[in-house]
Amino acid sequence: MVAGLISFLSPLGSYLFISCSSIDCSVNSLVRTRYQFTSSTGDSLKLMDTLNVVTKRKDGTDTLIFNQGDGISKFHLPISYSHPEDELVFHFDNGSLHMTDTVWIKKDDYPHFESVDCNASFFHTLTSIRHTHNVLDSAVIVNPSVTNDDQTVHVLLYPKVSD
């Protein structure tokens with residue numbers, strides 16, 4: 001809360017004005033999708049490969065959105081608000097073998113306003129997911145509502161089991 005004191009002197013006496021402004025803008029304005037590698041038994045898996053993720057910008061160029069994830073089980077990726085479907089290319093590298101999977105996520109975007117004093121953000125509802133099957137066996141949306149909540153897992157990624 002921001003408060004201000006203003007005092008005035010006039011021939012009729014002095015006046016004191018107090019004003020308050022409460023700006024409740026979210027501290028966490030980032031809206032990202034949280035992914036988790038998971039085993040078939042539902043346990044979190046630690047990725048032993050190095051993971052890089054690339055996506056396409058609105059102008060068609062590629063951009064790196066996740067770099068050098070190593071030994072991770074959960075990670076965040078930004079989500080677009082200008083495409084009805086995001087295309088994510090997952091690059092898995094274990095030093096001797098490099099494999100990729102592409103994940104397509106369809107979503108609905110809607111603006112979110114907390115206050116006229118705050119910047120608008122976009123929240124999303126994930127509607128469907130599909131992917132290639134080089135490393136990933138399946139990908140499942142477990143929480144379709146993507147907001148500025150940084151702890152909720154939205155997508156579970158199930159890698160193929162090695163024989």
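**Pockets, core and cavity in an all-strand model**

The second largest pocket has a volume of about 310 Å³. That is the starting point for a look around this structure, which is a predicted model. Lining the pocket are 16 residues, and those nearest its centre are Thr-55, Lys-56, Arg-57, Ser-80 and His-83. Three elements put two or more residues each into this lining: S4, strand S5 (62-70) and S7. Of these, S7 gives the largest share, with four residues. Sorted by class, the pocket lining comes out at six charged, five polar and five nonpolar residues.

Stepping back to the overall fold, the protein has twelve strands and zero helices. Reading along the sequence, then, simply gives β-β-β-β-β-β-β-β-β-β-β-β. Of the 163 residues, 33% are buried. Among contacts with a separation of 6 or more, 49% join residues that sit 24 or more positions apart. As for the outside, the protein exposes about 10200 Å², and 53% of that comes from carbon and sulfur atoms.

Next comes the interior. The largest nonpolar core is made of 24 residues, and Leu-51, Phe-75, Phe-90 and Leu-157 have the most contacts inside it. Many strands chip in: S3 (32-37), S4 (50-56), S6 (74-78), S7 (85-93), S8 (98-112), S9 (121-131), S10 (136-141) and S12 (155-159) each supply at least two residues of this core. Strand S7 turns up again here, giving the core its largest share, three residues. Leu-157 makes a handy example of how the core is put together. With neighbours within four places in sequence set aside, Leu-157 is in contact with Tyr-35, Gln-36, Phe-37, Thr-38, Phe-75, Phe-90, Leu-136, Ser-138 and Ala-139. Two of those partners, Phe-75 and Phe-90, are themselves listed with Leu-157 among the core residues with the most contacts.

There is also some enclosed empty space. Searching the whole structure turns up one cavity of 30 Å³ or more, and the largest cavity has a volume of about 40 Å³. Its lining is formed by Thr-33, Tyr-35, Pro-78, Ile-79, Asp-86, Leu-88, Ile-105 and Leu-126. Strands S3 and S7 are the elements that give two or more residues to this lining. By class, the cavity lining holds six nonpolar residues, one polar and one charged.

One of the residues lining that cavity, Thr-33, deserves its own look. Thr-33 lies in strand S3. Its relative accessibility is 3%, under the 20% cut-off, so Thr-33 counts as buried. Leaving out residues up to four places away in sequence, Thr-33 touches Phe-75, His-76, Leu-77, Ile-79, Leu-126, Val-146, His-154 and Val-155. Two of these, Ile-79 and Leu-126, also line the largest cavity.

Gly-71 offers a contrasting setting. This glycine is found in the loop between S5 and S6. At 31% relative accessibility, which falls between the 20% and 50% limits, Gly-71 counts as partly exposed. Apart from neighbours within four places in sequence, Gly-71 is in contact with Lys-46, Leu-47 and Asp-49. The pair formed with Leu-47 spans 24 residues in sequence, yet the two C-alpha atoms are 5.1 Å apart in space.

Methods
Residues are numbered from 1 along each chain as its sequence is written. This is a predicted model: local features need pLDDT of at least 70, side-chain atom pairs count only at pLDDT 80 or more; totals for chains, interfaces and linings use all residues. Side-chain values use heavy atoms; hydrogens and water are left out. Buried means under 20% relative accessible area, exposed over 50%, partly exposed in between (1.4 Å probe, protein chains only). Contact means heavy atoms within 4.5 Å. Accessible areas come from the Shrake-Rupley method with a 1.4 Å probe; for residues, only the protein chains shown count as cover. A nonpolar core is a set of buried Ala, Val, Leu, Ile, Met, Phe, Trp, Tyr and Cys residues joined through side-chain atoms within 4.5 Å. On a 1 Å grid over the protein atoms alone, a cavity is a set of points where a 1.4 Å probe fits but cannot get out, and a pocket is an open set with protein on both sides within 12 Å along at least five of seven lines; lining residues have an atom within 4 Å of a point. Grid points are joined across faces, edges and corners, and a volume is the space filled by probe spheres set on the points. Ala, Val, Leu, Ile, Met, Phe, Trp, Tyr, Cys and Pro count as nonpolar, Asp, Glu, Lys and Arg as charged, and the others, Gly among them, as polar.
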